[in-house]
Structures are given as C-alpha cells and as structure tokens.
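Morning, everyone. Please bring up the model on your screens, and I will walk you through it.

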Amino acid sequence: MPYLTRPVLPAGSLSRTPQPTVPTGDGLVLRPWRAGDAPAVHAAFQDPVMHQWHIRTADSEEEVRGWITEWQQGWAHERNVQWAVADETDDRLLGRVALREVMLGDGVAEVAYWTTAAARGRGVAARAANALARWALDEIGFQRLELTHSVANEASCRVALKARFSLEGTKRSALLHSDGWHDMHLHARVRGD
C-alpha cells in the first residue's frame, strides 16, 4: 500500500557524507568521537551527578572505548548519532550531545546531552544543544526535535529552555532510574522556531 506522503528525509541524508564537525560560534565545537576520548568519558561517568540522571555507569576505560566505537558507527546507521562537545581552543572534552531515535522518514529525532563536572554552569549543554538543533533543523531538514528529562532535573530543564526547546508536557512514569520511575518533561523544537 503506497504512502500518501514522501519521507521528510530520505535514507542516506546523514550517512552519504562524513559526520561533520559543528562549531557553536562561541568557543565550542561538536566533533566526532575519537578513541582517545575514552579516559575523559570514563572520568565524567565517575561523577555522582551522572549516576543520578543517567541509567548507565562506566566501569572501565575499556568499556568506554566500546561505547565510543558504537558512537562512531552511529552516523553510518543513521539511528543514534553522537558528538563530543569540546573546547574549540584546546579540544578539552566538555560533554556529549546526540540525536537519538532518529526517524529520517518522519523528520524526527531526540536530542540528548551531558556535560563533565568541570563544564557545568557555563552554558555548555545549552550552547551544544542549540548548535545541534540549528544544524539538524536548518541544514539537514529535520522537522521536529524532542528532548526529555526527569522533572526532578531542574538544571536539564533550564538547558532545554535556553536551547529554545518549548515545554510541551509531562510523560508520567516514563523512565526507570536507579531510584525508581521518573516523570519526564517533554520539550520540542520544530523547524521555524
């Protein structure tokens, strides 16, 4: 049975070219992951704040190297695309930003982020999420980007709003964290916002 609409983005919209480096224009750069990032990622995941809001832990640098291999392959699969957020001057790792659950045909993806402890409070996550959204919506042609976070994570809510993701509602009991089920705020940014 034929569809009545065409795909918003055809297969290959991402993978037909190498994963780009995306400058934020204000001192940060979103770049593809490198194997040499493993020690910094492992260190970031030892932070208790990461344990509070993320459902993964990193037991070793070897484990993180496996994650980085997966993140590097994400671009070719066009499903979960990850960038390292780095200082533009010295390439110091400050965090991660991603397009997850990419559905090219619908023109929809979910934005996710985290920052290292040293980068918190400096606007790194909001600047990275904003740059990623501009690139995805304006250059690639996505129609809608969603962003979710625990309603208890007020800092993440501030990041979403600063990155111009409008709060649309609450998904009740939507994600299991180590301390139980969390209600999740749903934010979105659409082309033209």
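Let me start with a term. Accessible areas here come from the Shrake-Rupley method with a 1.4 Å probe. By that method, the chain exposes about 10,100 Å². Carbon and sulfur atoms supply 52% of that area. And keep in mind that this is a predicted model.

Now the overall build. How many helices and strands does the chain have? There are five helices and eight strands. Follow the sequence, and the pattern reads β-β-α-α-α-β-β-β-α-β-α-β-β. The radius of gyration is 16 Å, close to the 16 Å that the globule rule gives for 193 residues, so the chain is as compact as a globular protein of that length. The C-alpha trace spans about 50 × 40 × 35 Å along its principal axes.

What about the inside? Buried residues make up 47% of the 193 residues. Next, take the contacts with a separation of 6 or more. Of these, 60% are between residues 24 or more positions apart. Charges next. The chain has 22 positive and 24 negative charges, and their mean positions are 4 Å apart.

Let's go to strand E3, residues 81-87. Is E3 mostly covered or mostly open? Mostly covered: seven of its seven residues are buried. Look at the two faces. Val81, Trp83, Val85 and Asp87 point one way. Gln82, Ala84 and Ala86 point the other way. Both sets are buried.

Which strands does E3 pair with? One is E2, residues 28-31, joined to E3 by four bridges and running antiparallel to it. Another is E4, residues 93-103, with six bridges, also antiparallel. Find alanine 86 in E3. Valine 29 stands opposite alanine 86. In E4, the bridge partner of alanine 86 is leucine 93.

E3 and E4 form a hairpin, with five residues between them. Stop at aspartate 91, in that turn. Aspartate 91 has a positive phi of about 65°, although it is not a glycine. Is aspartate 91 buried or partly exposed? Its relative accessible area is 31%, so aspartate 91 is partly exposed, since that class runs from 20% to 50%.

Compare glutamate 78. This residue lies in the loop between H3 and E3. Its phi is near 55°, again a positive value in a residue other than glycine. But glutamate 78 is buried, with a relative accessible area of 11%.

Step back into helix H3, residues 61-77, and you reach glycine 74. Glycine 74 is buried, at 6% relative accessible area. What does glycine 74 touch, leaving out residues up to four places away in sequence? Arg79, Asn80 and Val81. Now measure across to glutamine 19. The two are 55 residues apart in sequence, yet 9.7 Å apart in space, C-alpha to C-alpha.

On to leucine 99, in strand E4. Leucine 99 is buried, with a relative accessible area of 0%. Its contacts, beyond four places in sequence, include Val81 and Trp83. Others among them are Ala109, Val111, Leu132, Trp135, Phe142 and Leu145. Leucine 99 and valine 22 are 77 residues apart in sequence. In space, their C-alpha atoms are 13 Å apart.

Next, strand E6, residues 144-150. Five of its seven residues are buried, so E6 is largely enclosed by the rest of the structure. E6 pairs with strand E5, residues 108-115. This pairing is parallel, over three bridges. Alanine 109 stands opposite leucine 145 in E6. You have met both residues already: each touches leucine 99.

Last stop, phenylalanine 165. Where does phenylalanine 165 sit? In the loop between helix H5, 154-162, and strand E7, 166-177. Phenylalanine 165 is buried, with a relative accessible area of 1%. Count out residues up to four places away, and its contacts include Val111, Ala129, Ala133, Leu145 and Leu147. Also among them are Ala160, His187, Ala188 and Arg189. Leucine 145 turns up here too. Now look at threonine 116, which is 49 residues from phenylalanine 165 along the chain. Their C-alpha atoms are separated by 22 Å.

That is the tour. Please rotate the model and find these residues yourselves.

Methods. Residues numbered from 1 in each chain as written. Predicted model: local features only at pLDDT ≥ 70, side-chain atom pairs only at ≥ 80, totals over all residues. Heavy atoms only, no water. Helix = DSSP H or I, 4+ residues; strand = E, 2+ residues; numbered from the N terminus. Rg over C-alpha atoms; globule rule 2.2 N^0.38 Å. Buried < 20%, exposed > 50% of the residue type's maximum accessible area, 1.4 Å probe, protein only. Contact = heavy atoms within 4.5 Å. Lys, Arg positive; Asp, Glu negative; His and termini not counted. Charge placed at Lys NZ, Arg CZ, Asp CG, Glu CD. Pairing = 2+ DSSP bridges.
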